[in-house]
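Thanks, everyone, for making the time this morning. I would like to walk you through one structure, going from side-chain contacts to the cores and then to the strands, so please have the view open as I speak.

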Amino acid sequence: GLREGTRVTVPGDDISLALEKLWKLKDYSDIQIFATKTIGSDIWLRVQLKEKEKLSRYFFRGDPSKSEVDNLRESLKLRVGMRVDENVLHRAKRVTKGYYISKGFYKCNVEVSKKLDTLLGPDRVSLTIKVDKGPRVKIREVVIDGADEVSEAKLRRKMKKTKVKKWYRFFASSKYLPTEYKNDKQNILSYYRSEAYRDAEIIYDTVYYNEDDNTLSIHLKVD
């Protein structure tokens, strides 16, 4: 590092290496090294650092239930005193949104904002995570191509948790849950293999959103 009396080359790699080491600490939002005076071969350098803000507390606003907040707190891993930068804000948004998508809220909206929390210190900030879950997305249709030897309707019945929305199905859920969908694809393959089609594979599947009625369509192809 740079110390009083150290020989440095200007311009050269010495200052660049010092900057690199400081950035790797991930404690600062701004780092500058500049000359304040030169006399002959002597140079006076000033290192100017701006520390990243630290988290004081964070809140949830909007739709989250108490159990959802408890689950999110475990996943977010936000700690009092941790450094806060744009990466922290982006991760909080991504993790929160991913949590609600996994629960069937495909069009949820998440906003993460910060503000100074001067009561707890000059460099302290609080975060607010605002969630608008929106309606749960239902499944409009499930299309299975390549089911020549097996009834497509029978294959759909093997999907225990991924059900198409029907007006007469009062108690069966038609919400889209990625984890359950993954299990149901395995149910289809298990059924094929039980019928002696041991090489059966799902060669592609896609899920797309229908803006007109807030539903999803699922398309699979079995080979």
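Let me begin with Lys-37, whose charged end sits over the ring of Trp-44, 4.3 Å from the centre of that ring. Before I go further, I should say that this is a predicted model, and everything I describe should be heard with that in mind. A similar arrangement involves Arg-73, which lies over the face of Tyr-58 at 4.5 Å from the ring centre.

Tyr-58 also brings us to the aromatic pairs, of which the count comes to seven. In one of them, the ring centres of Tyr-58 and Phe-60 are 6.0 Å apart and the planes stand at 70°, so this pair is classed as edge-to-face. Tyr-58 counts as buried because its relative accessibility is 12%, and Phe-60, with a relative accessibility of 12%, is buried as well. Another edge-to-face pair is formed by Tyr-192 and Tyr-197, with 5.9 Å from centre to centre and 75° between the planes. Here the two partners fall into separate classes, since Tyr-192 is buried at 3% relative accessibility, whereas Tyr-197, at 32%, counts as partly exposed. Ring pairs also link Tyr-106, Tyr-176, Tyr-181 and Tyr-209 into a cluster.

Now to the cores. Which residues have the most contacts inside the largest nonpolar core? That core has 23 residues, and the ones in question are Tyr-58, Leu-76, Leu-78 and Ile-129. The elements giving it two or more residues are β3, spanning 53–62, α2, spanning 66–76, α3, β5, spanning 109–116, and β6, spanning 124–132, and it is α3 that gives the most, with six residues. If you select Leu-78, and leave aside residues up to four places away in sequence, you will find it touching Leu-55, Tyr-58, Val-88, Leu-127 and Ile-129. There is also a second, separate core of 20 residues, which includes Ile-139, Val-164, Tyr-176 and Tyr-181.

While we are on α3, which covers residues 86–102, please look at Thr-96 within this helix. Is Thr-96 buried or exposed? At 0% relative accessibility, Thr-96 counts as buried, the cut-off being under 20%. Again leaving out residues up to four places away in sequence, Thr-96 touches Leu-72, Leu-76, Val-110, Ile-129 and Val-131.

Let me turn to the strands, starting with β1, residues 28–39, and β2, residues 42–51, which run antiparallel and are joined by 10 bridges. One place to see this is Ile-33, whose bridge partner in β2 is Val-47. The hairpin that these two strands make has two residues between the strands, and in it Gly-40 takes a positive phi near 60°.

Further along, three strands form an open sheet in the order β7-β9-β8, with mixed pairing. Its edge strands, each pairing on one side only, are β7 at 138–145 and β8 at 202–210. Ignoring direction, neighbouring strands of this sheet are turned by 15° against each other on average. Between β8 and β9, the latter being residues 215–222, there are eight bridges, and this pair runs antiparallel, with Ile-202 standing opposite Val-222 in β9. Finally, helix α5, residues 178–194, packs on the sheet and touches β7, β8 and β9, its direction making about 145° with that of β8.

How values were computed:
Residues are numbered from 1 along each chain as its sequence is written. This is a predicted model: local features need pLDDT of at least 70, side-chain atom pairs count only at pLDDT 80 or more; totals for chains, interfaces and linings use all residues. Side-chain values use heavy atoms; hydrogens and water are left out. Helices (H or I, at least four residues) and strands (E, at least two) are DSSP runs, numbered from the N terminus. Buried means under 20% relative accessible area, exposed over 50%, partly exposed in between (1.4 Å probe, protein chains only). Contact means heavy atoms within 4.5 Å. Rings of Phe, Tyr and Trp (its six-membered ring) pair if their centres lie within 6.5 Å; planes under 30 degrees apart count as stacked, over 60 as edge-to-face and the rest as tilted. A charge sits over a ring if NZ of Lys or CZ of Arg is within 6 Å of the ring centre and within 35 degrees of the ring normal. A nonpolar core is a set of buried Ala, Val, Leu, Ile, Met, Phe, Trp, Tyr and Cys residues joined through side-chain atoms within 4.5 Å. Two strands pair if DSSP finds at least two bridges between them. Axes are lines fitted to C-alpha atoms, for helices over the stretch in contact, and angles run from 0 to 180 degrees between N-to-C directions.
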